[in-house]
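Visitor: I would like to go through a structure with you, step by step. May I put some short questions to you?
Guide: Certainly; please begin once it is displayed.

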Protein chains: 2
Amino acid sequence: MTKKATPSPEAIKAWARLMRVSRQLMESAEDALKESSLPPLAWYDVLHELAEAGEGGLRPFQLIERTLFAQYNISRLLARLEADGLIEKLPVADDGRGQTIRISAKGREMRRQMWAVYGRSITELVDAKLSADELTMVSALLGRLRHPPVVDW
Amino acid sequence: MTKKATPSPEAIKAWARLMRVSRQLMESAEDALKESSLPPLAWYDVLHELAEAGEGGLRPFQLIERTLFAQYNISRLLARLEADGLIEKLPVADDGRGQTIRISAKGREMRRQMWAVYGRSITELVDAKLSADELTMVSALLGRLRHPPVVDW
DNA sequence: AGGCAATAGATGCAATTGCATCAAGCTTGA
DNA sequence: TCAAGCTTGATGCAATTGCATCTATTGCCT
């Protein structure tokens, strides 16, 4: 008798839900930003990390670790953010290859504006639908699906 | 005193987990397909719907409802699938605008091959990490996050 | 019938993504 | 010390996505 490698029905359903719900929610949030003429979510992710990093800033490769974006993606995203004056690129003293990315005042302001809209989306899409306990449960379960190299999120 | 519209910490965490985990899992699955020189997941989604629909096929707008892809996206995806001989486009008798999309034998075979890899990913990424009960719980909780116009999935 | 809004699908063009590769600067080991 | 290899970040080019718009029908209303 040969081994059946097909996933369980429960796994298939959970996978399908995960893919669909996440896409749907992400789109809703993106739409809300667009309606407010704000940049896409990816910008928020980066501005958020940079804001948390403070004055010391972050190196691009650190942003890659934190956001899970591809290297070329970050490279170009940073170029756009810089063109919009939301970040500054500074040379690094002890590594001639690298740069340090620091959020600018304008960048902080943009992050604030985006959060006003983004946060509202989260409230409506998530907070309004599940209780705190249920949300904690979701986080715990999803946390177990993370891939090995988990940092801390 | 003004109302603070910020979502709860639980909601923020659940949102973050959802976005990150779903992206990570999706990428893993895509990578597995690429390693096997198979087409991207989007192709699977469409082939899957068409296979379930059987000989009667589906209209493009029905695929849009089922897969949540944008209209122009489906339009072009179908063009690529047709170019690869995985589907057929047939005229519709009672609606001169429309077409019916039917999966071809080659399309069924491709779906089968993709499932061999995709299913394995789901097994490894999901089945191996959570019990059936936990998966059912995940599905139930995520289900509550779906947007109103839910069909049946 | 005749016009007018709505629906189904395609498409031109700009922006973004993905892939592969590159250049420049570090690091290490013989 | 210096060549080989690794890391950091950028970039040319092709494929895909997003947006806006277009064409062809169809359905509806008078």
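Visitor: How many residues does the contact take from chain B and from chain A?
Guide: The contact takes 55 residues from chain B and 55 residues from chain A. Please keep in mind throughout that this is a predicted model.

Visitor: And what area is buried between chain B and chain A?
Guide: About 5600 Å² is buried between the two chains, and carbon and sulfur atoms give 65% of that area. The size of an interface is often given as the accessible area lost when the parts come together.

Visitor: How many salt bridges does the rule find across that interface?
Guide: The rule finds six salt bridges across the interface of chain B and chain A. One of the pairs in a salt bridge is A:R20 with B:E49, whose closest N and O atoms are 3.7 Å apart. Side chains of opposite charge can pair when their charged atoms come close.

Visitor: How many residue pairs are in polar contact there?
Guide: Across the interface of chain B and chain A, 15 residue pairs are in polar contact.

Visitor: Which elements of chain B give two or more residues to the side that touches chain A?
Guide: On chain B, these elements are helix 1 (9-35), helix 2 (41-53), helix 3, helix 5 (105-127) and helix 6 (132-143). Helix 1 of chain B gives the most, with 19 residues. By class, the side of chain B that touches chain A has 29 nonpolar, 12 polar and 14 charged residues.

Visitor: Back to salt bridges. How many does a search of the whole structure find?
Guide: Over all chains, the search finds 24 salt bridges. Among them is a pair within chain B: the side chains of B:E49 and B:R66 meet with an N to O distance of 3.8 Å. This pair links distant parts of the chain, since B:E49 lies in helix 2 of chain B and B:R66 in helix 3 of chain B, 17 residues apart.

Visitor: What turn lays chain B on chain A?
Guide: A turn of 180 degrees, with a shift of 0.0 Å along the axis, lays chain B on chain A with an RMSD of 0.0 Å. The two copies are therefore related as by a two-fold rotation axis. The same surface serves both copies, as 100% of the contact residues of chain B recur in chain A.

Visitor: Let us turn to the DNA. Which residues come nearest to DNA strand C?
Guide: Of the 19 residues around DNA strand C, the nearest are A:Y72, A:G96, A:R97, B:R97 and B:Q99. Of the atoms of DNA strand C that come within 4 Å of the protein, 59% belong to sugar and phosphate.

Visitor: Which parts of DNA strand C do the side chains approach?
Guide: A polar side-chain atom of A:R76 lies 3.1 Å from a base oxygen of the strand. For B:R59, a polar side-chain atom is 3.3 Å from a phosphate oxygen of DNA strand C. The side chain of B:Q99 has an N or O atom 2.7 Å from a sugar or linking oxygen of DNA strand C.

Visitor: Which helices supply at least two residues of that surface?
Guide: Helix 4 (71-83) of chain A does, together with helix 3 (60-67) and helix 4 (71-83) of chain B. By class, the surface near DNA strand C has four nonpolar, six polar and nine charged residues.

Visitor: And which residues come nearest to DNA strand D?
Guide: Of the 19 residues around DNA strand D, the nearest are A:R76, A:R97, A:Q99, B:Y72 and B:G96. Sugar and phosphate make up 58% of the atoms of DNA strand D that come within 4 Å of the protein.

Visitor: Which side chains have an N or O atom by a phosphate oxygen of DNA strand D?
Guide: Among them are A:K34, at 2.9 Å, A:R59, at 3.2 Å, and B:N73, at 3.1 Å.

Terms used
Residues are numbered from 1 along each chain as its sequence is written. Chains are lettered from A and ligands numbered from 1 in the order in which they are written. This is a predicted model: local features need pLDDT of at least 70, side-chain atom pairs count only at pLDDT 80 or more; totals for chains, interfaces and linings use all residues. Side-chain values use heavy atoms; hydrogens and water are left out. A residue is near a molecule or strand if one of its heavy atoms lies within 4 Å of it. A polar contact is a pair of N or O atoms within 3.5 Å; within protein, one must be able to donate a hydrogen and the other to accept it, and residues adjacent in sequence count only if both atoms are side-chain atoms. Helices (H or I, at least four residues) and strands (E, at least two) are DSSP runs, numbered from the N terminus. Ala, Val, Leu, Ile, Met, Phe, Trp, Tyr, Cys and Pro count as nonpolar, Asp, Glu, Lys and Arg as charged, and the others, Gly among them, as polar. Copies are superposed by least squares on the C-alpha atoms of residues with pLDDT of at least 70 in both. Contact means heavy atoms within 4.5 Å. Buried area is the accessible area (1.4 Å probe) that two parts lose on being put together, summed over both. A salt bridge is a side-chain nitrogen of Lys or Arg within 4 Å of a carboxyl oxygen of Asp or Glu.
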